[in-house]
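Follow the strands first, then look at the surface. Keep the structure open as you read.

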Amino acid sequence: MKVTKLVSTCDIKDCLTIYATDRGTFLVQGEAPTDHGLQIPAHETLVEIPMELIQKAIRDNLI
């Protein structure tokens, strides 16, 4: 899989980030919340990212 960084909250590795893949999908790097109360299948996960990150990606015409 080829991964391209689209937008991030900072310039170092450990930041909230949205990536595009060559599969036509997105990867999201964010915090793993534990207080959501949802039933998530073992092969899936949730990440939490700020709305500002999505807004920045849209504003910069990245998604």
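V3 stands opposite T21 in β2. This is a predicted model. The pairing of V3 and T21 belongs to a wider contact: strand β1, residues 3-8, is joined to β2 by five bridges. The two strands run antiparallel.

Now turn to β2 itself, residues 17-21. Are its residues buried or exposed? Five of the five are buried, so β2 is largely enclosed by the rest of the structure. The cut-off for buried is under 20% relative accessible area. The side chains split by direction. T17, Y19 and T21 point one way from the strand. I18 and A20 point the other way. Both sets are buried.

Next comes β3, residues 26-29. Four bridges join β2 to β3, and this pair also runs antiparallel. Within the pair, A20 stands opposite F26 in β3. β2 and β3 form a hairpin, with four residues between them. G24 sits in that turn and has a positive phi of about 80°.

F26 leads on to the surface. Which residues join F26 in a nonpolar patch there? They are V28, V47, I58, L62 and I63. Together with F26 they have about 480 Å² of accessible area.

Take I63 as one member of that patch. I63 lies in the segment after α1, which spans 51-59. How does its exposure class follow? Partly exposed covers the range between under 20% and over 50%. I63 has 43% relative accessibility, so I63 counts as partly exposed.

Notes. Residues numbered from 1 in each chain as written. Predicted model: local features only at pLDDT ≥ 70, side-chain atom pairs only at ≥ 80, totals over all residues. Heavy atoms only, no water. Patch = residues over 30% accessible without salt bridge, like charges linked within 9 Å, V, L, I, M, F, W, Y side chains within 5 Å. Areas by Shrake-Rupley, 256 points an atom, 1.4 Å probe, with all protein chains shown as cover. Salt bridge = Lys/Arg side-chain N within 4 Å of Asp/Glu carboxyl O. Buried < 20%, exposed > 50% of the residue type's maximum accessible area, 1.4 Å probe, protein only. Pairing = 2+ DSSP bridges.
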